[in-house]
Amino acid sequence: QVQVVESGGGLVQAGGSLRLSCAASGSIFRIVAMGWYRQVPGKQRELVATTNSGGATDYADSVKARFTISRDNAMNTMYLQMNSLKPEDTAVYYCSVRAYTNYVEWDEYWGQGTQVTVSS
């Protein structure tokens, strides 16, 4: 079993910064990829940023040049540095971890989410 825990959300004024953290633990053999997604009520969950085991990263157009995803492979931890925050960044942010717990196939695990609220 894999546990995923996010932290670092909160309330910030527009133009401010926040740093989210995601820690994965449990019976992890190897992590394939980690990512941040966000969701607002009434809308589908959307990709924010991802990083794979090779270090490649991908960002939603709406956050490019403002958000930076990083990963500590040794600690199975991922971060999202969010700068120049806008009210439209307000959402619940979820961490996704794609990991092998055996030698056969990987599964995707989700955290409970952390609320980010940006006031105008």
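**Close-up 1. Surroundings of T77 in strand 8 of the predicted model.** T77 belongs to strand 8, which comprises residues 77-82. The residue is classed as buried because its relative accessible area is 11%, below the 20% limit for that class. The side chain of T77 comes within reach of the backbone oxygen of M75, at 3.0 Å. Leaving aside residues up to four places away in sequence, T77 touches C22, A23, M34, S70, R71 and D72. One of these contacts, C22, is also a partner in the disulfide shown in the next view.

**Close-up 2. The disulfide between C22 and C95.** The structure holds one disulfide. The bond joins C22 to C95, with an S to S distance of 1.9 Å. Distant parts of the chain are linked by this pair: C22 lies in strand 3 (residues 18-26) and C95 in strand 9, 73 residues apart. The link is left-handed, with -70 degrees about the S-S bond. Both C22 and C95 are buried.

**Close-up 3. A nonpolar surface patch that includes Y103.** F29, Y103 and V104 make a nonpolar patch of about 410 Å² on the surface. Y103 is located in the loop between strand 9 (91-100) and strand 10 (106-110). With a relative accessible area of 70%, Y103 is exposed, because the class begins over 50%. Y103 in this view is thus exposed, whereas T77 in the first view is buried.

Note on methods: Residues numbered from 1 in each chain as written. Predicted model: local features only at pLDDT ≥ 70, side-chain atom pairs only at ≥ 80, totals over all residues. Heavy atoms only, no water. Helix = DSSP H or I, 4+ residues; strand = E, 2+ residues; numbered from the N terminus. Buried < 20%, exposed > 50% of the residue type's maximum accessible area, 1.4 Å probe, protein only. Polar contact = N/O pair within 3.5 Å; in protein donor to acceptor, adjacent residues only side chain to side chain. Contact = heavy atoms within 4.5 Å. Patch = residues over 30% accessible without salt bridge, like charges linked within 9 Å, V, L, I, M, F, W, Y side chains within 5 Å. Areas by Shrake-Rupley, 256 points an atom, 1.4 Å probe, with all protein chains shown as cover. Salt bridge = Lys/Arg side-chain N within 4 Å of Asp/Glu carboxyl O. Disulfide = S-S within 2.5 Å.
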